[in-house]
Amino acid sequence: MELAPGELGFDPDPQTLALRLSRAREALKLAAGLPKVPRVVLSVISQLRERNVSTSRLSAEIERDPTLTAQVLRLANSPFYAGRRQVGSIHEAVGLVGTNALQTLVLAGGISGAFGRVPGVDLRAYWMDATAAGHAARTLAGLVDEDREAAFLAGLLHGTGHLILCCLHGHALELPLASIRRPRGAALAAIEREHTGLAHPEVGAAWLDGLGLPERIVQAVAMQLQPQALNEPGLAALVRLSLSMVAALDAGIAAADAIAQLDARAIALFDRQRRSGADSFGQRLVRPLTDWADLEPAFQGGRDATASSGRQP
């Protein structure tokens, strides 16, 4: 499937999403060696359904896992959360980013840490790309009063299905993906489906659903390549826009030009929600231009590394 640089494309397969998810769930039930997430992450997922979360209980659970603590602090000290202030403990992180964001960081750190090694995948480059998608979704959510933490998680975790497919079918996918620097979108799904019978949107959604993540995050991951993601404003449409933004930046398109190329239908969706007299979604998109531009160097680093090391999904 040939796409222009920076384009995601849509999945043309006519099968229904429900059928794909059902097949993916059945495949994961039979699979051995699926990634295992830390117990504290499962605890946080269950706490997402509670109205009153104990920050002291949450902090204590995190601190019992040194690896997860390090991952959470690394994320908390990123420019998107801490800015210039450095966080040295989980207690400080709670005070700086708040309980909701801390839950997000625990899920992000714990789930990413579950993938210790994936055949054929440069995990550093992969998570750089996924984190950019998460931050793009979070930025977009802030423009339309959507849940920013849910948007970050959906963007960050949108490609976990690819990691799982590589874990389960590494030999089948290694050769078809070997010549592609950073496969993504419909082109990646077509290769996965041809060689494994499944693709990353439904596999990732089925796995996240099995972990117990909220339904709207699961659906946003499942619908990332579906045209119906743009039928109504919401998390699925935001994730679609964020992935388009990241694909364009990765292709070397400047942030301002990438914004101009975003799907007009998706932008129109959010314009329908605006209050009388408010700026259009397109106008609001340009305001965080510095945030978008901050993502550009990360992709430049990935492109430079590719010249010497080969494929980086």
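A salt bridge is a side-chain nitrogen of Lys or Arg within 4 Å of a carboxyl oxygen of Asp or Glu. The exercises below apply this and related ideas to a predicted model.

**Exercise 1. Determine whether Glu149 and Arg138 form a salt bridge, and state which parts of the chain the pair connects.**

Solution.
Step 1. The closest N and O atoms of Glu149 and Arg138 are 3.0 Å apart. The cut-off is 4 Å, and the pair forms a salt bridge.
Step 2. Glu149 belongs to helix H7 and Arg138 to helix H6 (residues 123-143), so the salt bridge ties together parts that are eleven residues apart in sequence.
Step 3. A residue counts as buried when its relative accessible area is under 20%. Glu149, with 13%, is therefore buried. Arg138, with 11%, is buried as well.

**Exercise 2. State how the salt bridge of Glu26 and Lys29 is placed in its helix, and classify the exposure of each partner.**

Solution.
Step 1. The side chains of Glu26 and Lys29 meet in a salt bridge with an N to O distance of 3.4 Å.
Step 2. Both residues lie in helix H1 (residues 17-30), three residues apart, so about one helical turn separates them.
Step 3. Exposed means over 50% relative accessible area, and partly exposed lies between 20% and that value. Glu26 has 42% and is therefore partly exposed. Lys29 has 63% and is therefore exposed.

**Exercise 3. Survey the salt bridges of the whole structure, including the one between Arg193 and Glu202.**

Solution.
Step 1. A search of the whole structure gives eight salt bridges.
Step 2. One of them joins the side chains of Arg193 and Glu202, at 2.7 Å from N to O. Arg193 and Glu202 are both buried.
Step 3. Asp129, Arg184 and Asp250 are joined into one network by salt bridges that share partners.

**Exercise 4. Describe how helix H11 packs against helix H12.**

Solution.
Step 1. Two packed helices are described by the angle between their axes and the distance between the axes.
Step 2. For H11 (residues 215-222) and H12 (residues 235-250), the angle is about 45 degrees and the axes are 8 Å apart.
Step 3. Angles under 35 degrees count as roughly parallel, and those from 65 to 115 as roughly perpendicular. H11 and H12 are therefore oblique to each other. The crossing of H11 past H12 is right-handed.
Step 4. On the H11 side, the contact involves Arg216, Ile217 and Ala220; on the H12 side, Leu235, Ala236 and Val239. By type, the residues of this contact are five nonpolar, no polar and one charged.

**Exercise 5. Carry out the corresponding description for helix H5 and helix H7.**

Solution.
Step 1. H5 (residues 90-113) packs with H7 at an angle of about 10 degrees, and their axes are 10 Å apart.
Step 2. That angle makes H5 roughly parallel to H7.
Step 3. Asn100, Ala101, Thr104, Leu107 and Ala108 of H5 meet Glu149, Phe152, Leu153 and Leu156 of H7. These residues divide into six nonpolar, two polar and one charged.
Step 4. Glu149, listed in this contact, is also the partner of Arg138 in a salt bridge.

**Exercise 6. Classify two loop residues, His158 and Asp145, as buried or exposed.**

Solution.
Step 1. His158 is located in the loop between helix H7 (148-156) and helix H8 (160-177). With a relative accessible area of 12%, His158 is therefore buried.
Step 2. Neighbours within four places in sequence are left aside for the contacts of His158, which are with Ala130, Ala133, His200, Val221, Gln224 and Leu243.
Step 3. Asp145 is in the loop between H6 and H7. With a relative accessibility of 68%, Asp145 is therefore exposed.
Step 4. Most residues other than glycine have a negative phi. Asp145 is not a glycine, yet its phi is positive, at about 60 degrees.

**Exercise 7. Summarise the protein chain by its helices, strands, burial and contacts.**

Solution.
Step 1. The protein chain has 16 helices and zero strands.
Step 2. Of its 313 residues, 53% are buried. Ala76, in helix H4 (residues 66-76), is buried, with a relative accessible area of 0%.
Step 3. Among contacts between residues at least 6 apart in sequence, 70% join residues at least 24 apart.

How values were computed:
Residues are numbered from 1 along each chain as its sequence is written. This is a predicted model: local features need pLDDT of at least 70, side-chain atom pairs count only at pLDDT 80 or more; totals for chains, interfaces and linings use all residues. Side-chain values use heavy atoms; hydrogens and water are left out. Axes are lines fitted to C-alpha atoms, for helices over the stretch in contact, and angles run from 0 to 180 degrees between N-to-C directions. Helices (H or I, at least four residues) and strands (E, at least two) are DSSP runs, numbered from the N terminus. Angles under 35 degrees count as roughly parallel, over 145 as roughly antiparallel, 65 to 115 as roughly perpendicular and the rest as oblique. A crossing is left-handed if the near helix is turned anticlockwise from the far one by less than a right angle, and right-handed if clockwise. Contact means heavy atoms within 4.5 Å. Ala, Val, Leu, Ile, Met, Phe, Trp, Tyr, Cys and Pro count as nonpolar, Asp, Glu, Lys and Arg as charged, and the others, Gly among them, as polar. Buried means under 20% relative accessible area, exposed over 50%, partly exposed in between (1.4 Å probe, protein chains only).
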